[in-house]
Amino acid sequence: MNNHSDYTRKRPVLRTLVWLFTLSAIAGAGLTAGSLALSALVISVAYLAGIPG
């Protein structure tokens, strides 16, 4: 256990890369979910607006 913490403390670059990868993955997932929700909203609004016509 102690060796692992020493390893991560000695490799700050590796730790930063892991953090960046995690943050970008979270941001990418959030953007994908947001765009999917937005397109679903636009489609449903267009569908509802098209019903009276």
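In this predicted model, a polar atom of the T32 side chain sits 2.8 Å from the backbone oxygen of G28. T32 itself belongs to helix 2, which spans residues 12-50. The relative accessibility of T32 is 45%, so the residue counts as partly exposed; for this label, the value has to fall between the 20% that bounds buried residues and the 50% above which residues are exposed.

Helix 2 is also the place of V45. With a relative accessible area of 48%, V45 is partly exposed as well. A welcome landmark for a newcomer to the structure is the nonpolar surface patch to which V45 contributes. Its other members are L38, L41 and V42, and the patch covers about 380 Å².

Stepping back to the whole chain, two helices are found, and the number of strands is zero. The chain has 53 residues, and the buried share among them is 0%. Its accessible surface amounts to about 4800 Å². Carbon and sulfur atoms account for 75% of that surface.

Terms used:
Residues numbered from 1 in each chain as written. Predicted model: local features only at pLDDT ≥ 70, side-chain atom pairs only at ≥ 80, totals over all residues. Heavy atoms only, no water. Helix = DSSP H or I, 4+ residues; strand = E, 2+ residues; numbered from the N terminus. Buried < 20%, exposed > 50% of the residue type's maximum accessible area, 1.4 Å probe, protein only. Polar contact = N/O pair within 3.5 Å; in protein donor to acceptor, adjacent residues only side chain to side chain. Patch = residues over 30% accessible without salt bridge, like charges linked within 9 Å, V, L, I, M, F, W, Y side chains within 5 Å. Areas by Shrake-Rupley, 256 points an atom, 1.4 Å probe, with all protein chains shown as cover. Salt bridge = Lys/Arg side-chain N within 4 Å of Asp/Glu carboxyl O.
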